[in-house]
Each structure stands twice: as C-alpha cells, then as structure tokens.
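Hi,

Here is the structure I promised to pass on. Have a look at it first, and then read my notes below.

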Amino acid sequence: ANQYKFIVIVPEFSSADFPGGDAYNLGNVFVDGDNPSQETLNPEEEWTFSVIEPLFDYVKQFTNNTSSKYDVFGHSAGGQFAHRFAMFKPNARYNKMVASASGWYTVTDAEINFPYGFKRSPLEDITVSELFSKEIIIQVGSLDNNPNAPSLRRNQYADAQGINLLDRANHFFNKAAQLATDNSLNFNWDLVVNQGENHDFRKAAELAA
C-alpha cells in the first residue's frame, strides 16, 4: 500500500457472522446456495455482497476521501466472492477487480443451474455486455494445479470446470470470452497466469497490486 499509494480496506467476514460457503463464497443470496429456489432467495439487503458499497461510502466519510471508485482483490474463497460480487452487483463502483485462484466459479452460462451457472438465480436477468465491459482480471498460479488440494470442491458440477484451480480459471475465462465473441460483445477481461506460483495468497496479493 505504501509503495503504490493506496488505502487497504479489509472487511472481516467471520465464520461466526457469515457461516460457511453460503454466507461468504455465495454471498448469502440464497439460504442454501447449492439448492437455489425462489422460496429460499434472501432479500438483496441481506446479501453479503450488499456490504461492500455502503462500506465504501463509510470509509470515504471516515477518512474524508473523495475517490469515486475502488478496486477489488479477492483470493481463493475471496476470489469466489469477488467474481460473484461483480455479477450480482452490476452497478457497484469498482474500477478494477482481481479475482484470484477461485476454487470454482459461477460460469457465464444460462443453461447451468446456480451456483455453477446463471440458471435459477437472479443472474438470469443480468446484462452480460455490462459485465464483460468491466475490467476484471482472473489470476491464478501456473502451479496451482493440485486436484487433491485441501477444501477443493470436487463433484460432477465443479469438475466440469476442470479438476484443479488452474484448469478452472482457464475454463471460466474461456467460456466468458467465447460468449462475448459469439454475441459480438466488447470483452474487457484478462487472464493472468503467474508462472511458477502456487496458491500462496501473499505472492498473489503482491502480484495483484
């Protein structure tokens, strides 16, 4: 932060207040994110994603800061939070986002059920052209390729994206790029593979900065 002259704001989404993947990784959009339904859809003000914009306003007021935008970095589970935040909060005022080494993704596919795709979720109604116009960087290490990594979700739906984080990052990015190409949409995303790096969050944060 000192080197690049920016303020770091790190909200703690504790396991006590935001328990499990439903409340953090999947943003508390549904009571049970793996089994989405209209009946179990939470009000938007209860989504974990809805914390970020008011937090930005609070910090600006607290520090007398006049920035109109902010950048987002999330790694691993935080990378999951980040890329889904971009999807569920299309009007968020972020400038750049680095979603780093997500364990698995919500792919830009309207035929795949949430949380692995858009179907059966509010994402069915989003405008992908707006999403693709944002400056989003998918970051992953070239050695982040262990199919038996701790806490790595392995099931038929996650494994359809690849069996390790490197493959899944490539799959997510390529599916989005292909959708943009097929529909002649501007695509402002980038994929950065950090050569020789694994899942180390410290190095990932340095490279993202």
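One term before the rest: a crossover counts as right-handed if, with the strands pointing away from the viewer, the path from the first strand over the helix to the second runs clockwise. Keep in mind throughout that this is a predicted model.

**The strands**

With that term in hand, take strand 2 (residues 94-100), helix 4 (residues 128-133) and strand 3: together they form a right-handed β-α-β unit. Strand 1, helix 3 and strand 2 make a right-handed β-α-β unit as well.

The pairing is easy to follow if you go along the strands in order. Strand 1 (residues 70-75) pairs with strand 2 in the parallel sense, over five bridges. In that pairing, His 75 sits opposite Ser 100 of strand 2. Strand 2 in turn pairs with strand 3, again parallel and over five bridges. Two places to click on there are Met 97, which stands opposite Ile 136 of strand 3, and Ala 99, which stands opposite Ile 138 of strand 3. On to strand 4 (residues 190-194): strand 3 pairs with it in the parallel sense over five bridges, and Gln 139 faces Val 192 across that pairing.

How covered are these strands? Strand 3 (residues 135-141) has six of its seven residues buried, so "mostly covered" is a fair label, given that buried means under 20% relative accessible area. For strand 2, five of the seven residues are buried, so the rest of the structure largely encloses that strand.

**Salt bridges**

How many salt bridges does the structure hold? There are eight, and here are some of them.

Glu 53 and Arg 93 meet through their side chains, with 2.6 Å from N to O. This pair ties together distant parts of the chain: Glu 53 belongs to helix 2 (residues 52-63), while Arg 93 is in the loop between helix 3 (77-88) and strand 2, and the two are 40 residues apart. Are the partners buried or exposed? Glu 53 counts as buried because its relative accessibility is 18%, under the 20% cut-off. Arg 93 has a relative accessible area of 26%, so Arg 93 is partly exposed.

Asp 159 is worth a look too. One salt bridge joins Asp 159 to Arg 154, where the closest N and O atoms are 2.7 Å apart. Another brings the side chains of Asp 159 and Arg 168 together at 2.9 Å, N to O. As for exposure, Asp 159 is partly exposed at 25% relative accessibility, and Arg 154 is partly exposed at 39%. Arg 168 has a relative accessible area of 0%, so Arg 168 is buried. Elsewhere, salt bridges with shared partners connect Glu 53, Asp 57 and Arg 93 into one network.

**Pockets**

If you are wondering where to look for open space, start with the largest pocket, which has a volume of about 1400 Å³. Its lining is made of 39 residues, and those nearest the centre are Val 8, Ile 9, Asp 71, Val 72 and Phe 73. Which elements give two or more residues to that lining? They are helix 2, strand 1, helix 3, strand 2, strand 3, strand 4 and helix 7 (201-208). Sorted by class, the lining of the largest pocket has 26 nonpolar, eight polar and five charged residues.

The second largest pocket has a volume of about 210 Å³. It is lined by 14 residues, with Ser 76, Pro 150, Ser 151, Leu 152 and His 199 closest to its centre. The lining of the second largest pocket divides into six nonpolar, six polar and two charged residues.

**Where to start**

For a quick tour, I would colour strand 2 and strand 3 and find Met 97 opposite Ile 136. Then go to the salt bridge between Glu 53 and Arg 93, and finish at Val 8, Ile 9, Asp 71, Val 72 and Phe 73, the residues nearest the centre of the largest pocket.

Cheers

How values were computed
Residues numbered from 1 in each chain as written. Predicted model: local features only at pLDDT ≥ 70, side-chain atom pairs only at ≥ 80, totals over all residues. Heavy atoms only, no water. Buried < 20%, exposed > 50% of the residue type's maximum accessible area, 1.4 Å probe, protein only. Helix = DSSP H or I, 4+ residues; strand = E, 2+ residues; numbered from the N terminus. Pairing = 2+ DSSP bridges. Salt bridge = Lys/Arg side-chain N within 4 Å of Asp/Glu carboxyl O. 1 Å grid on protein atoms, 1.4 Å probe; cavity = no way out; pocket = protein on both sides within 12 Å on 5 of 7 lines; lining within 4 Å. Points joined across faces, edges and corners; volume = space filled by probe spheres on them. Nonpolar A, V, L, I, M, F, W, Y, C, P; charged D, E, K, R; others polar.
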